[in-house]
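Biologist: I am new to this structure and would like a close look at one part of it, the salt bridges that join charged side chains. Please take your time, and add whatever backbone detail helps me find my way.

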Amino acid sequence: MSPLARTRISFLAATIASFTLALLVTAPLGAQDARPDNARSDTANAAVTRLTPIVVTATRTETDAFLVPKPVAVVDAQALRERAAVNAADPFRGLPGLDVTGVGMTQVRPGIRGQRGQRILLLEDGMRLNNSRRQQSFGEIPGIVDVSSLERIEVVKGPASVLYGTDAVGGVVNLITQRPVEEGLHGRAGYRFGSEGDQHRANAALMGRFGAWSFRAAGAFRDGGDYMAPAGSFGRITLGSETRVFDTGTQDHSFDGYLGYDLSSRTHVYVKMERFRADTSGFGYVDPTDYAPQVPFIQILYPEQRFDKLTAGYRAADLGLPFADRVDLVGYVQDNERRLNNNVVVPIGPNAQVDARTFNYTDMRTMGFRAEAAKLLGSRVLLTYGMDLFRDRSENTDSSVTTVTGFGPPRVTTANTPLVPNATYLSTGGFLQGDIQLTERLSTILGGRYQYVRLATAETEGVTDALTRETHETAVGAANLLYRLTRDVTLVGAVGRAFRAPNLVESFFDGLTPEGAAYQVPNPALVPETSLNFDLGARYRGRHLSLEAFWFRNEIRNGIRIAATGDSLNGLPTFWNVNVDRLRFTGVELSADALLPLGFRVGGSYTHLRSRDALNANNPIGDSYADKLVLEAGYRDPGGRWWLGYDLRHNGDRKDSELSGPIGTSPIGTVLPAFTVHSVRGGATVLRHGATTHRLGLAVTNLTNALYAEFGNAGFFRPDARRGVTLSWDVSF
């Protein structure tokens, strides 16, 4: 038996043992009385409440997560506060099927079941944040929405294009912000200090409802420097001492304001304004001279990022109209400006190198609209239907300086031609979904969408090519089934198609690649990626124990990736994006959460993920973990005065990674190495006076000071921080 097989079996055995132990310990407790349908919200049962919240993203209707016919994950405001999360993607590290890529305070992005970047749709309050000017593997940063303004994060694992359109191939991350719901004036303020990078963060919010009016105003400021990685070994890389990870700090601030008015007891109008600014935030890097002087030096830095958004909406409920009981209309305009610098130094021989520096400015202006209605037909059919559209308009300027040394006098080449021409991206679609109660125990959700996408270049200074216009039409559908075997057990089956239309970078990029060693030419003839996903799962929810298990299979066809054209330009090989991939991702997700006597809690999860190229089994494509085991234990004082928790996360090694393929010259080696991370956290309510509550939090992360990199950060080596201490203070009234 291979070491990899033994590792997977040991992971599975440990997980099953944990689940069995939790079941044996808590089964006598669960037999004492019946579990109500809605989870209790008292402090002693906070773990149960966290696992069974009300969610809206998966179905567009408020639904108990236990009864959602597809896999979902939820992180609520309490969990974000107690974790002292740096950004919205931070909690993904410990959740089954989820992952992160990127480092630092702003550039961490989510991953779902081996998908990331533009194959994940990022939403805010149900409206898209993705834009068509990002690179495929990057995606939009959740950091543009302040984490302290979030009520909760909802994740749909698997396709969601029926409800949300393009990009929802791997899943959806919905950042749901706080809204004023209680009468009177309320507020919250907080401060967070992180020892690594000397991070400081302050935030404050004020909200209230007075008669028909409601409002919220909030702001946050962060300032932090670069963190240090610990000494140690990770694969073939060894750091002899603590090493600086450059460009992981930043200074940013955000503000959001909300004003609403109740036209009647059934209708509400609102307007919301948001602003985000960040300076000198980057992808992070370790100086190659610290571990492998022969590898290229790569710095990807955003000297400035600016994001502004204005949203207006109308909501009406309990209408009783022939065509709708509920109507939601939302429109928004946003401006996303960013400056991006790529600095790459490639050794090409003894005392010879290519130094390529590129400077980009992009102004992405987006207008979007969504109209949605729901109608209950009889007592068994809920019909949800609507349309949405958005239009991206990208304006770009680029300049570059390439210097070749080591072959006589330095040769310097400059250019000012935009690598991506000014362009527009228009997407519009209509959807229809029926939630049908077939029997008392059996229900199904059936849906479909038609989508039209148009990409068109515009006149651009320095670009002489003829204007290009491409259109794509796509239809997708989904069918979800939920059977309530008993009051405490549900069975779930789902099948769905999703799609991702090619974006502006993939279709129109024309210029040197970031490392300066090749030339990329445009390919406007690309067609959308499509996927077909299957989920089979079961959930158990008892009074003191929750269990969940899912198997999934997601196959992506016409996947877009870079490939050689076989030609050359100015002595450099040329590449372009092509529809070639047929990628298959299969996996298992298991999780358990048990509430023990006297306020103790244990839980854990296990994820196994397999990625393969269905057209070429010898082409490894994995850039996420193959196995992940998370174990948690904690105590929460029944009176809510203090809590303490410990968590362990183990990512097993991955041999069929991208590093073992054509780019297997990584100094890490051909295997993504395993790592284990331990953390302890705790908090206490130190003062409670009337409606005012003060809380303190303390966390020690990377307790054993291990050198490791999340698998999405391993190829371009960006290790995580050394052991760190986080202190947080929060007051609410």
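Modeller: Helices and strands here are DSSP runs, numbered from the N terminus, with at least four residues of H or I for a helix and at least two of E for a strand. The model is a predicted one, in which local features need pLDDT of at least 70 and side-chain atom pairs count only at pLDDT 80 or more, while totals for chains, interfaces and linings use all residues. Residues are numbered from 1 along each chain as its sequence is written, and side-chain values use heavy atoms, with hydrogens and water left out.

A salt bridge is a side-chain nitrogen of Lys or Arg within 4 Å of a carboxyl oxygen of Asp or Glu, and the structure holds 53 of them. A good place to begin is Arg 326, whose side chain meets that of Asp 328 with 2.5 Å from N to O. Arg 326 also forms a salt bridge with Glu 372, where the closest N and O atoms are 3.2 Å apart. Because Arg 326 lies in strand β21 (residues 326–349) and Glu 372 in strand β22 (residues 352–377), this second pair ties together parts that are 46 residues apart in sequence. Both acidic partners are buried (under 20% relative accessible area, whereas exposed is over 50% and partly exposed in between, with a 1.4 Å probe and protein chains only): Asp 328 has a relative accessible area of 16%, and Glu 372 has 3%.

A further pair is formed by Glu 555 and Arg 582, with their closest N and O atoms 3.0 Å apart. This pair links distant parts of the chain, since Glu 555 sits in strand β32 (residues 545–569) and Arg 582 in strand β33 (residues 572–595), 27 residues apart. Glu 555 is buried at 5% relative accessibility, whereas Arg 582 is partly exposed at 25%. Elsewhere, salt bridges that share partners join Arg 60, Arg 315, Arg 326, Asp 328, Arg 370, Glu 372, Asp 388 and Arg 449 into one network.

Strand β32 also carries a backbone detail, for Asn 558 is found in that strand and has a positive phi of about 55° although it is not a glycine. Most residues other than glycine have a negative phi. Asn 558 counts as partly exposed at 34% relative accessibility. Asn 702, not a glycine either, has a positive phi of about 50°; its place is in the loop between β38 (692–701) and β39 (724–732), and at 3% relative accessibility Asn 702 counts as buried.
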